[in-house]
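Got your viewer open and a selection box ready? Let's walk through this one stop by stop.

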Amino acid sequence: MSLIAPGSPDSRLRDTTGSPDLSGGKKGDSDPFMDLLFSGWNPDLPDPARLNHIDVFFKNDPCGSRVLHKPSFLAAMKLSPKDPGFPHSSILHAICASASRWNPQDVITLPDSTRRDQFAEFHASKTRQYIDKTMASGEDIFSVMQACILLSWYFYQEGRWVEVWIFAGFQTRVAVPLRLNYPGTFSTHGNNSPGAYLAPPKDLRDLESRRRTWWMTILFDRIASVGGWIHAVDERDLGTELPLRTEDFESEAHVPSNPQDLSTPDVFTRHPPQYTDSFLLLIKAVMLFGKVTDFNVRGNLRAPTPPSKSQNPFLLNGFKELDKLVCEDFLANLPPIFRNNAGITEKPEGATVNTDLYMVHIIPHAATITLHNPYIDFTNENNVSMSRCVNSAKQILKAFYSLSQESIDVTKLHPFVTICWYLAAVVLVQLCKHYIETGEQEREARIWGEINVLRFAMLEYGSRSPIGTRQERLLQGLMREIVRMTAQKHPLEVNVPLFPFPHRTNQNQQQHGASMDAGSSLQNGQMYHQSSNGSDRTLSPANMNEVRMASHSMNGANGAWPMRNIPASPGQHNLDLLSNTSNYIGNGL
């Protein structure tokens, strides 16, 4: 499918109607544009000459593509646009918007240095038009709901939080009348209630498509709510069994329904081999994070005072059990093939990453930080919450180092990774403040290096998806106080390479662990610096004072922010992060 934007080089091959001039400038008897119209092709879509951008979407999209059955979808694209089995235009528009992230068409840079793809915006607006039309008529409601899921993840990667929150609630309210939250995604009782639209699934593919559509709706709701917001659907109302493995879905294997749902007592610690893959584990990891959100929201709802570091959280009802599940049992009980593989596979042609499995390994640590953050006391070396959070920050950093050492493109990770990086940085900012207050300059310098690693990770992700830039900007606001307090001359330069994300060859890659514990400083994973003769040399805490930017300063004379194309910091934030955990995804709401 060709995604040719107006004004692009390819558009010069078109006549004034916008259709391809297949005769090389001399008109034939037929007008290709009119041929498209008569074929039933939606004129708002790019011409169907190439399908490569649909392929790009399925190859790169880590989110919404899970709701679509790829083999049958690609086969349906070969049908006549007038055929009832041809993909709905709303889905095609949503795919165009999402695919533009990896094949940008008409990108402009906004004053805050975030990117905006006008081609993507056009197709996003067209998708919204179909959603509005369907909500008024109910026509093609399931297909349009799938398009809504694709569009929601597009908004999430853009960091457009108001639309993210609205669409998270909208999707769940649409899915409930469709009975997608029932076992088998259908119910014979209660169908007299308004809006019970869908008939029973017509085959196994239809059934599994409904399951996946429901679970992606719930995952989006959980991820949109991690900052401490109430979920749109309580987990007690989720009766739908978990999906099948992706390979069984795509091959349309005759596999019985998954025996597990969220009411299964050991759903987070037992993983039947026939019903376990990285996507199913991702669902469980996100739902585990959802349990932490529920605990925090419900605990704070009627509490007379906010949680504090002087409080022992293990005395709270349900905390001990949740802590054990999140901090220990989930990862410890992963099947060995998944537990011993962080998602990175080395191949002769280069390392690859299974983004679902990668996220399975870091989401529990982000959940641990969210659960324990209000109770951290860095002055008490026996504080369990402090130990939990520092260890989780270490694990998130270690996972990032494993990517950078293999020169893996982090921009293809699930966008939720930026929130996990941010949460790890929240812990490090507080630990840095503690070391500043206690005068431990060497440890403080090492923490600055860790913070800068996460800052640049967010900025690298932001080069393709604005959510990364927005999270780094939010982190800047949280760092204002420690930037003013520190005695470090150039704190934002510490362990920053001249080329922040160099691509290194396998011969130059070395494995370096990152050890952190509650009683010692955070040892920085080693970064790389390319010297003037072109060779690589390692940057480590021992030689971090040698690191100075050759072409520009990261700090102004008055401790200003790096003099690079980074948006200005937002207004003052409450730096007491121990009691403020609702700013994970910006302040746009």
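What follows is a short tour, from the whole chain down to single residues.

**The whole chain**

Before you click on anything, keep in mind that this is a predicted model. Show the chain as a cartoon and you'll be looking at 17 helices and six strands. Colour by burial next: of the 589 residues, 57% count as buried. Now switch on the surface. Its accessible area is about 24,800 Å², and 51% of that belongs to carbon and sulfur atoms. As for who touches whom, take the contacts with a separation of 6 or more: residues 24 or more positions apart account for 71% of them.

**The largest pocket**

Rolling a probe the size of a water molecule over the atoms shows where empty space is left. Which residues should you select to land at the centre of the largest pocket? Try Pro84, Gly85, Phe86, His88 and Ser143, the closest to the centre out of 40 lining residues. The pocket holds about 1,000 Å³ of space.

Now bring up the helices around it. H3 (70-76), H4 (89-99), H5 (118-137), H6 (141-158) and H8 each supply at least two residues of the lining. Which helix gives the most? That's H6, with five residues.

**Helix H6**

Stay with H6 and select its 18 residues. From first C-alpha to last, H6 reaches 25 Å, close to the 26 Å expected at 1.5 Å a residue. Hide the rest of the chain for a moment, then bring it back: 17 of the 18 residues of H6 are buried, so this helix is largely enclosed by the rest of the structure. Just after H6 comes Gly159, where phi is positive, near 70 degrees.

**Helix H8**

Next, select residues 204-224, which make up helix H8. How far apart are its end C-alpha atoms? They are 30 Å apart, which agrees with the 30 Å that 21 residues should span at 1.5 Å a residue. H8 is also largely enclosed by the rest of the structure, because 19 of its 21 residues are buried.

Zoom in on the N-terminal end of H8, where Asp203 acts as a cap. A side-chain oxygen of Asp203 lies 3.3 Å from the backbone nitrogen of Arg205.

**A closed cavity**

A search of the whole structure finds four cavities of 30 Å³ or more. For the second largest, select Trp153, Leu219, Ile223, Leu282 and His414, which lie nearest its centre among 15 lining residues. About 70 Å³ of space lies inside this cavity. H8 turns up again here: along with H10 (278-301) and H13 (355-372), it supplies at least two residues of the lining.

**Two single residues**

Pick Asn296 next, in helix H10. Is Asn296 buried or exposed? With a relative accessible area of 14%, Asn296 is buried, because the cut-off for buried is under 20%. Show its neighbours and, leaving aside residues up to four places away in sequence, you'll find that Asn296 touches Thr370 and Leu371.

Finish at Ser407, in the loop between helix H14 (384-405) and helix H15 (417-438). Ser407 is partly exposed, with a relative accessible area of 22%. Add Ala351 to your selection: the C-alpha atoms of Ser407 and Ala351 are separated by 7.8 Å, though the two sit 56 residues apart along the chain.

Notes:
Residues numbered from 1 in each chain as written. Predicted model: local features only at pLDDT ≥ 70, side-chain atom pairs only at ≥ 80, totals over all residues. Heavy atoms only, no water. Helix = DSSP H or I, 4+ residues; strand = E, 2+ residues; numbered from the N terminus. Expected span 1.5 Å × (residues − 1). Buried < 20%, exposed > 50% of the residue type's maximum accessible area, 1.4 Å probe, protein only. Polar contact = N/O pair within 3.5 Å; in protein donor to acceptor, adjacent residues only side chain to side chain. Contact = heavy atoms within 4.5 Å. Areas by Shrake-Rupley, 256 points an atom, 1.4 Å probe, with all protein chains shown as cover. 1 Å grid on protein atoms, 1.4 Å probe; cavity = no way out; pocket = protein on both sides within 12 Å on 5 of 7 lines; lining within 4 Å. Points joined across faces, edges and corners; volume = space filled by probe spheres on them.
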